[in-house]
Amino acid sequence: MERHYRLAWALLESGWRRDVGVAVDEQGRIARIEAERAQPGGAADAAHAAADAERVAGFVVPGMPNAHSHAFQRGMAGNTEYRLSSRDSFWTWRQAMYALARRITPADLELLATQLFVEMLKSGYTSVAEFHYLHRQADGTAYAATNELWEAIARAADTAGIALTFLPTLYQTSDFGSQPLQPEQARFAMTTDEFLRAVETRVSAERRLAASRIRTGAAFHSLRAVPLETLREAVRGLSSIDAELPVHIHIAEQQKEVEACRASTGRRPIELLLETGLVNERWCLVHATHATPAELRGIAAVRAAVCVSISTEANLGDGFFDAARFLDSSGRICVGSDSQASVCPAEELRWMEYQARLRKRRRGVLADSQEPHVGTRLWRAAARHGAAALGQPAGRIAAGARADWLVLDPDHVSMAGAREVTALDHLIFAGGNPAIRDVMVAGRWVVKDRRHAAEERLADPFKELMGRLAREGA
Ligand SMILES: [Zn+2]
């Protein structure tokens with residue numbers, strides 16, 4: 001049965017519209033949209049005329065896809081912010097992350113991920129790409145039948161009600177030059193055959209469930225973790241399984257990685273990847289942090305997305321991403337919470353603009369003449385390109401898209417003085433996260449009046465788990 005809504009204000013493809021009627025079908029997809037009520041005496045649209053239409057007061061905007069997440073890292077957020085030495089870096093943080101990855105159980109992972117996905121929904125992420133490279137048991141042996149770690153992620157997404165693009169991640173070597181995995185990377189191992197078979201099994205199961213909120217893609221951890229020949233072979237295999245499969249990769253997060261790539265191959269990582277000719281609009285390049293202007297133009301030219309996670313890039317001391325240059329090349333940008341140091345799309349977009357302002361000593365850097373409001377420009381771009389990166393029918397409020405949306409509360413103090421055109425500026429630049437009042441995924445309210453149905457029962461077990469992980473990690 002269809003459900004009908006009347007939205008006081010909605011950000012549609014054509015811009016902000018007042019008094020919008022929306023019909024949502026049984027699968028949670030938007031069946032029809034009627035912007036502006038019919039004139040008095042005119043033919044009333046079914047979505048408006050429906051007596052049962054639910055009235056939604058506030059500013060309704062597309063939910064944000066989270067294009068990059070490692071759920072298990074929620075278990076270390078806040079626990080690695082102390083100085084060990086003057087040489088602390090991404091690489092020393094990585095040792096703490098490996099230690100967590102070694103001891104986490106499927107039950108731990110399910111609890112961490114469920115809590116995390118609830119946090120994502122409350123902050124405005126309505127779908128998530130889980131870049132998942134924990135494949136094996138703690139001692140490095142494979143799971144016999146079902147992969148319990150993978151199942152933990154799927155169950156967590158289901159409990160929280162977030163849409164999921166699960167990305168089994170190939171991770172075979174510890175560095176360029178096909179260096180073998182280190183003992184602390186034993187849980188990440190997977191052969192190319194295992195990888196392709198697992199993706200194929202999941203994709204064929206999903207074809208039988210047309211309206212699922214869960215879909216499978218694939219990821220390569222990085223060029224240091226997947227030799228180029230293996231990557232070529234795996235991409236051929238993936239294309240024969242599903243030509244539309246989303247493909248993600250960490251590409252140039254650290255300067256040391258760029259230097260190691262050059263020493264081994266004579267090329268920079270983005271340059272090397274683009275030269276394969278494999279990259280297209282199905283690809284999402286995560287952390288294209290250390291990119292030359294030519295590399296940024298090259299990524300934009302093949303229409304691949306770049307996922308920027310400034311909170312993690314800042315937390316790990318990675319470097320600046322030149323968002324202004326990439327957007328000027330019509331680059332497709334999206335955001336992600338990555339290490340979960342911050343789970344907040346508004347913060348990602350705020351700092352995308354702020355780091356451009358700090359570098360250029362100007363304001364309004366990432367807006368353009370077509371969309372002068374920075375908040376609206378960045379939110380719409382990240383939502384649209386994030387949905388494409390996840391391969392999910394989301395990121396916009398339009399017929400055919402899934403009904404994933406947020407309602408910003410015009411009565412919240414952070415929205416005081418906001419009009420529809422400045423609502424996203426308030427959310428991003430005026431500390432407006434508490435203004436996210438309601439969140440819908442696939443036509444179902446998963447957050448209502450700032451509350452998620454699972455949050456209270458999750459709180460105590462989650463606190464207990466975090467206490468244990470902190471003690472074990474100390
Ligand atoms: Zn990552």
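Histidine 68 is buried, with 0% relative accessible area. The structure is a predicted model, and this report starts from the metal site to which that histidine belongs.

## Zinc site

The zinc ion is coordinated by four residues: His68 through NE2, His70 through NE2, His250 through NE2 and Asp338 through OD. The coordination distances run from 2.1 to 2.7 Å. The angles among the four donor atoms range from 84 to 172 degrees, and the site is irregular. For four donors to count as tetrahedral, all angles must lie between 85 and 135 degrees; with angles of 84 to 172 degrees, the site of the zinc ion therefore falls outside that class.

Along the sequence, the donor residues follow the spacing H-x1-H-x179-H-x87-D. Distant parts of the chain are linked here by histidine 68, in strand 5 (residues 64-69), and histidine 250, in strand 10 (residues 247-250), which are 182 residues apart. Histidine 250 has a relative accessible area of 5%. Because buried means under 20% relative accessible area, histidine 250 counts as buried.

## Parallel strands 5, 6 and 7

Strand 5, which holds histidine 68, pairs with strand 6 in the parallel sense over four bridges. Asparagine 66 stands opposite valine 128 of strand 6. Strand 6 also runs parallel to strand 7 (residues 163-170), and six bridges join these two strands. In that pairing, alanine 129 is set opposite threonine 165 of strand 7.

Strand 6 covers residues 125-132, and eight of its eight residues are buried, so the strand is largely enclosed by the rest of the structure.

## Antiparallel strands 4, 14 and 15

Strand 14 (residues 405-408) is covered on both faces. Trp405 and Val407 lie on one side, Leu406 and Leu408 on the other, and all are buried.

Strand 14 takes part in two antiparallel pairings. With strand 4 (residues 54-62) the pairing extends over four bridges, and proline 62 stands opposite tryptophan 405. With strand 15 the antiparallel pairing also has four bridges, and the bridge partner of valine 407 in strand 15 is aspartate 438.

## Pockets

Rolling a probe the size of a water molecule over the atoms shows where empty space is left. The table sets out the two pockets.

| Pocket | Volume | Lining | Nonpolar / polar / charged | Largest share of lining |
|---|---|---|---|---|
| Largest pocket | about 530 Å³ | 24 residues | twelve / nine / three residues | helix 2, eight residues |
| Second largest pocket | about 430 Å³ | 17 residues | eight / four / five residues | helix 5, five residues |

In the largest pocket, the lining residues that lie nearest the centre are Asn79, Thr80, Tyr82, Trp93 and Ala96. The elements giving two or more residues to this lining are helix 2 (90-103) and helix 15 (455-473). Helix 2 supplies the largest share, eight residues.

For the second largest pocket, Ala145, Thr146, Asn147, Trp150 and Ala198 are the lining residues nearest the centre. Two or more residues of this lining come from each of helix 4 (148-160) and helix 5 (192-207), and the largest share, five residues, belongs to helix 5. By class, the lining of the second largest pocket includes five charged residues, while the lining of the largest pocket includes three.

## Positive phi angles

Most residues other than glycine have a negative phi. Two residues that depart from this are described here.

Arginine 303 has a phi near 65 degrees, a positive value in a residue other than glycine. Its position is the loop between helix 9 (293-301) and strand 12 (305-308). At 46% relative accessibility, arginine 303 counts as partly exposed.

Alanine 442 also has a positive phi, of about 50 degrees, although it is not a glycine. This alanine is found in the loop between strand 15 (436-441) and strand 16 (444-448). Strand 15 is the strand that pairs with strand 14. Is alanine 442 buried or exposed? Its relative accessible area is 16%, so alanine 442 is buried.

Note on methods: Residues are numbered from 1 along each chain as its sequence is written. This is a predicted model: local features need pLDDT of at least 70, side-chain atom pairs count only at pLDDT 80 or more; totals for chains, interfaces and linings use all residues. Side-chain values use heavy atoms; hydrogens and water are left out. Donors are N, O and S atoms within 2.8 Å of the metal (3.2 Å for Na, K and Ca); water is not among the atoms, so sites may look incomplete. Four donors count as tetrahedral if all angles lie between 85 and 135 degrees; four count as square planar and six as octahedral if opposite donors are over 155 degrees apart and all others between 65 and 115; anything else is irregular. Buried means under 20% relative accessible area, exposed over 50%, partly exposed in between (1.4 Å probe, protein chains only). On a 1 Å grid over the protein atoms alone, a cavity is a set of points where a 1.4 Å probe fits but cannot get out, and a pocket is an open set with protein on both sides within 12 Å along at least five of seven lines; lining residues have an atom within 4 Å of a point. Grid points are joined across faces, edges and corners, and a volume is the space filled by probe spheres set on the points. Ala, Val, Leu, Ile, Met, Phe, Trp, Tyr, Cys and Pro count as nonpolar, Asp, Glu, Lys and Arg as charged, and the others, Gly among them, as polar. Two strands pair if DSSP finds at least two bridges between them.
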